[in-house]
Amino acid sequence: MNPVDISRHLAQTADRCVRCGLCLPHCPTYREARQEAESPRGRIALIQGWAEGELDASPRLLLHLDNCLECLACERACPTLVPFGDLMDKARAATWRSAPAWRRISRAAWLGALASRAGATLAVGLGRLYRSSGLARLTTWGGIHRWPSLAALHRLAIQCERLPRLPASPPARPAPGDRFGLFLGCIARAAQPGAIEASLRVMRGLGLTIRVPADQTCCGALHRHNGLPEGADQRLRRNAKAFAGLTAVGLASACVAELRGHPPLGATQDLCRLLADRDWPATVRLAPLPQAVAVHVPCSQRNRLGDEDAAFALLRRIPGISLVPLPDNAFCCGAAGTYLLQRPVLSRALLAPKIASLAALRTSILVTTNTGCALHLAAGAREAGLEVEVLHPVELIDRQMRS
Ligand code: SF4
Ligand code: SF4
């Protein structure tokens, strides 16, 4: 589409909003700021004003768009079905096209690095080194960690340290008749190798043949939600080739949602739902777990996949378990892809009530189905001094299967 067609499309989509305001109470940024421009309705009006040429893409306008988490709580609440996520993605892409070339190039470069296997591994490794070398303590002591440029790095370091650091297993050997292919994701591969190993063990334990296609890459969601759809589409095409002839299975809900948006990968399965709905061999037994486990439901699981019960359905297979939804699950935890790095202050403000709820529950295990949320929640729990393990549901299944 040329720029005129894009503007017309944005204006027409925005025009579907009848300004009823029913989405406002569901919007986390509106709940924080209490400003119209930080609400879905306000953002739609800004996009419409820009698309119709009445407003410039001023830094202030762009800030209100960038503050959106794309959690899609508003889309779910909207009676006229305004496709808010698609509208925001397209608006970000359109406004970014007119950004200075150096900004586009630098954004593409750091997103590309984060989305690559080597880049994600390096980022996680540096984060851990920053902690283990004592540098993190030094910057905290001096208050330097609050400097805007260091704040995001400081949090990334805390986030990376908290999750299990198991060595990644070697890729599965291809076998004839394979049907499923495990989608690893860029950050999960570096930060949650334990969840990947557990997925492989559990699937094989249930008699499923699972491969790990070598040529897979990031799902592209980081690029799409940062205004670079070409980078996202390129990654989806590469994944479609890597998973040809297989049904992709993802353990991170945001990745599954992004992959499903690309027709050749439309049948991508959410690991929790797949395992929950299958008939299990009678020989597979799970050890009882007579304790409460808190369940966080990521926005991508709830609002993009439309399946907030998947983790509950899977974990209910564990005898004696007591599943407790994390209060306020309908509100975003503030992770939202790269949001936790780009908007550390707002991201932490959104996390605070989650951690307070977690502390009140007094559980020692919290499960969540999205990697970014796991990192973010684990960092919050650590900072609050809570002794809480943050796991993917499949890690708990694997643990009880092996007990
Ligand atoms: S996507 Fe989430 S943060 Fe963005 S406007 Fe909608 S409810 Fe608010
Ligand atoms: S609920 Fe839908 S129609 Fe109503 S203000 Fe929000 S986006 Fe617009």
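1. A good place to start is where two helices meet. In this predicted model, the crossing of helix 1 and helix 3 is left-handed. Helix 1 covers residues 3-14 and helix 3 covers residues 40-51; their axes come within 8 Å and cross at roughly 145 degrees.

2. You can look at that meeting residue by residue. Helix 1 brings Ser7, Leu10, Ala11 and Ala14, and these meet Ile44, Ile47, Gln48 and Ala51 in helix 3. Sorted by character, the residues of this contact are six nonpolar, two polar and no charged. As a reminder when you follow the side chains, an α-helix has 3.6 residues a turn, so residues three or four places apart point the same way.

3. Next, the surroundings of ligand 1. The shell here holds 14 residues, and the closest are Cys27, Pro40, Cys68, Cys71 and Cys74. At least two residues of this shell come from each of helix 2 (28-33), helix 3 and helix 5. By type, the shell around ligand 1 has ten nonpolar, two polar and two charged residues.

4. Ligand 2 deserves a visit too. Around ligand 2 there are 15 residues, of which Cys17, Cys20, Cys23, Arg41 and Cys78 come nearest. Two elements, helix 3 and helix 5 (73-77), give two or more residues to this shell. The largest share, three residues, comes from helix 3. The shell around ligand 2 divides into eleven nonpolar, two polar and two charged residues.

5. Helix 3 is worth keeping in view, then: helix 3 meets helix 1 through residues such as Ile44 and Ile47, supplies at least two residues to the shell around ligand 1, and gives the shell around ligand 2 its largest share.

6. Further along the chain, please look at the open sheet. Four strands build this sheet in the order 6-5-7-8, with parallel pairing. Strand 6 (322-325) and strand 8 (389-391) are the edge strands, each pairing on one side only. Neighbouring strands of the sheet are turned against each other by 30 degrees on average, direction ignored.

7. Within the sheet, strand 5 can be followed to both of its partners. Strand 5 (residues 292-295) pairs with strand 7 (residues 365-367) in the parallel sense over two bridges, while its parallel pairing with strand 6 runs over four bridges. Ala294 is a handy landmark: Ala294 stands opposite Leu366 in strand 7, and the bridge partner of Ala294 in strand 6 is Val324.

8. Which residues of helix 15 are buried? They are Ser253, Ala254, Cys255, Val256, Ala257, Glu258 and Leu259. Helix 15 (residues 253-260) is largely enclosed by the rest of the structure, because seven of its eight residues are buried.

9. Finally, the whole protein. The secondary structure comes to 22 helices and eight strands. Of the 403 residues in the protein, 45% are buried. Among contacts with a separation of 6 or more, 74% are between residues 24 or more positions apart.

Technical notes. Residues are numbered from 1 along each chain as its sequence is written. Chains are lettered from A and ligands numbered from 1 in the order in which they are written. This is a predicted model: local features need pLDDT of at least 70, side-chain atom pairs count only at pLDDT 80 or more; totals for chains, interfaces and linings use all residues. Axes are lines fitted to C-alpha atoms, for helices over the stretch in contact, and angles run from 0 to 180 degrees between N-to-C directions. A crossing is left-handed if the near helix is turned anticlockwise from the far one by less than a right angle, and right-handed if clockwise. Two residues are in contact if their C-beta atoms, placed from the backbone, lie within 7 Å. Ala, Val, Leu, Ile, Met, Phe, Trp, Tyr, Cys and Pro count as nonpolar, Asp, Glu, Lys and Arg as charged, and the others, Gly among them, as polar. A residue is near a molecule or strand if its C-beta atom, placed from the backbone, lies within 6 Å of it. Two strands pair if DSSP finds at least two bridges between them. A residue is buried if 20 or more other C-beta atoms lie within 10 Å of its own, exposed if 12 or fewer, and partly exposed in between; C-beta atoms are placed from the backbone.
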